[in-house]
Every structure is written in C-alpha cells, then in structure tokens.
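Here is a protein to get to know, step by step. Have a look at the sequence and the model below before reading on.

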Amino acid sequence: SGCAANSWTVNPDQPQSQPQISAAPASSPSKIKRRAMRAEKPYEVFGITYYPKARPIGFTQEGKASWYGPNFHGKQTSSGEIFNMNDMTAAHTTLPLGTILRVTNLDNNKSVTVRVNDRGPFKKQRILDVSKAAATQLEMIGPGTAHIRLKVLETPVPASSAGFAAQSTTPRSDALFCVQVGAFGLRANAE
C-alpha cells in the first residue's frame with residue numbers, strides 16, 4: 001500500500017510493439033490501471049494449487065493459448081479491474097498480475113504485447129488466455145487456440161527480488177531477522 005500506480009492504454013489502430021502510457025482522465029473507458037503489485041499468495045482452482053512467481057525479463061514459455069471474450073466481458077478480473085475484451089490483456093496461472101508479455105503465434109508468426117491482469121487458463125495443456133482483441137491480432141479467433149511463445153518484457157516485481165517477493169510473509173522459525181522498508185512523502189502515509 002502507498003505505492004503509486006502507472007496507467008496503460010492500448011490504441012487498437014497502432015502496432016502493438018509496446019503498451020503506451022496514457023494521460024487519459026480516470027473516467028476514460030480505455031484507461032487500464034496498472035496496480036502496484038505485491039507478493040501474490042498461492043491460490044487453488046479445481047483442487048490444484050498455483051504459486052504465483054515472478055520471472056526475469058526475457059523468460060519464455062511455449063504452449064497452447066486460448067482466448068476469452070463475450071462471456072467474461074464486463075466482469076471483474078483477478079487484478080480487480082473490469083475485463084474488457086477489446087483491451088490487450090491476458091490471463092496466466094502464475095505470472096504476477098501486471099507482467100507485460102510479448103505473445104507470438106508460432107503458426108503464423110503474428111505477435112502482440114499484452115498485460116497479465118487475470119488468472120487462467122485452468123484447462124490442461126494451456127498456458128495463456130488472451131483477450132479477444134489480442135486473439136484477433138494473433139489470428140486465432142477461428143481456431144480458438146494457437147501454439148504460442150510468450151516472452152516476459154516487463155515485470156511488476158524486480159527480477160533481483162523475484163524469489164523473495166513470491167515467498168510467504170509468514171515469519172520462519174529459522175530466520176534471524178526480517179526487514180521491511182518503505183519510502184513515504186508524508187509521515188502520515190507511513191503510520
């Protein structure tokens with residue numbers, strides 16, 4: 001808490017090489033808030049426990065991606081924002097919310113940049129769900145799935161602290177001490 005959040009918006013008429021910073025007013029429907037990230041706790045879906053973990057910039061993963069749209073449009077995502085199928089977003093089971101990815105359809109070499117704002121997919125053999133907007137640019141709407149490679153472009157947790165940030169905040173009995181650091185512009189925000 002107390003961290004500042006950046007805002008991202010994506011213009012569907014421009015190539016998606018990078019998310020673009022928006023100066024749009026807070027009421028703009030195209031504005032996507034990039035939340036200040038914290039260490040995410042493990043969670044369970046269909047009896048499987050998932051352990052969110054930051055990966056270093058450049059980390060890649062290959063597998064099958066699917067897309068989601070109308071059935072989830074307007075519903076709350078795991079990040080707390082409202083899902084908009086026309087935004088360049090994705091769902092991943094373990095990458096931290098806020099991670100920026102380059103996704104390449106290995107069948108046609110089309111690529112997009114997306115931001116992880118939700119959890120999923122929870123079907124075996126799938127590593128990523130992309131929004132309808134991303135699926136359209138990847139040309140995977142018709143088939144429904146595609147063989148993809150994802151690459152981490154930006155992480156919300158510095159790679160050097162990724163291992164630490166993903167760990168539990170429960171004190172360990174073998175730990176000698178624990179340090180918590182904060183920087184605040186106003187003393188009241190620290191209290």
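What follows is a short tour of the fold, the confidence, one pocket and a few backbone oddities.

## The overall layout

Keep in mind from the start that this is a predicted model. The protein has 191 residues, and 38% of them count as buried. Its tally of elements comes to three helices and 11 strands. Reading from the N terminus, the order is β-β-β-β-β-β-β-β-β-β-α-β-α-α, so to speak a run of strands with helices turning up towards the end.

How do the contacts spread along the sequence? Take the contacts between residues at least 6 apart: 72% of them join residues at least 24 apart.

## How far to trust it

The average pLDDT of the protein is 75, and 65% of the residues reach at least 70. Which elements sit at the two ends of the confidence scale? Strand 2 (residues 20-21) has the lowest mean pLDDT, at 30, while strand 8 has the highest, at 98.

Two stretches deserve some caution. Residues 1-39 have a pLDDT below 50, and in the model this stretch makes 65 contacts beyond near neighbours in sequence. Residues 159-177 also have a pLDDT below 50, and there the model shows nine such contacts.

## Strand 11 and its partners

Strand 11 covers residues 145-154, and it runs antiparallel to strand 6, with seven bridges joining the two. One of the pairings to look for is Ser66, whose bridge partner in strand 11 is Thr145.

Strand 11 also pairs with strand 8 (residues 100-105), again in the antiparallel sense, over six bridges. Here you can pick out Arg102, which has Lys151 of strand 11 as its bridge partner. As a rule, side chains in a regular strand alternate between the two faces of the sheet.

## The second largest pocket

Now for some empty space. The second largest pocket has a volume of about 330 Å³. Its lining is made up of 19 residues, and those nearest the centre are Tyr68, Phe72, Arg119, Pro121 and Asp129. What is the lining like by class? It has eight nonpolar, five polar and six charged residues.

Strand 6 (60-68) and strand 10 (126-131) each give at least two residues to this lining. The largest share comes from strand 6, which supplies three residues. So strand 6, besides its antiparallel pairing with strand 11, also helps to line the pocket.

## Backbone oddities

Pro121, one of the residues nearest the pocket's centre, has something else to show. The peptide bond leading to it from Gly120 is cis, with omega near -10°. You will find Pro121 in the loop between strand 9 (111-118) and strand 10.

Two residues other than glycine have a positive phi. For Phe46 the angle is about 50°, and this residue lies in the loop between strand 4 (43-45) and strand 5 (48-50). Is Phe46 buried or exposed? It counts as exposed because its relative accessibility is 72%, and the cut-off for exposed is over 50%.

Glu139 has its positive phi near 55°. It sits in the loop between helix 1 (132-137) and strand 11. With a relative accessibility of 47%, Glu139 counts as partly exposed, since that class lies between under 20% for buried and over 50% for exposed.

Methods. Residues numbered from 1 in each chain as written. Predicted model: local features only at pLDDT ≥ 70, side-chain atom pairs only at ≥ 80, totals over all residues. Heavy atoms only, no water. 1 Å grid on protein atoms, 1.4 Å probe; cavity = no way out; pocket = protein on both sides within 12 Å on 5 of 7 lines; lining within 4 Å. Points joined across faces, edges and corners; volume = space filled by probe spheres on them. Helix = DSSP H or I, 4+ residues; strand = E, 2+ residues; numbered from the N terminus. Nonpolar A, V, L, I, M, F, W, Y, C, P; charged D, E, K, R; others polar. Pairing = 2+ DSSP bridges. pLDDT = per-residue confidence, 0-100. Contact = heavy atoms within 4.5 Å. Buried < 20%, exposed > 50% of the residue type's maximum accessible area, 1.4 Å probe, protein only.
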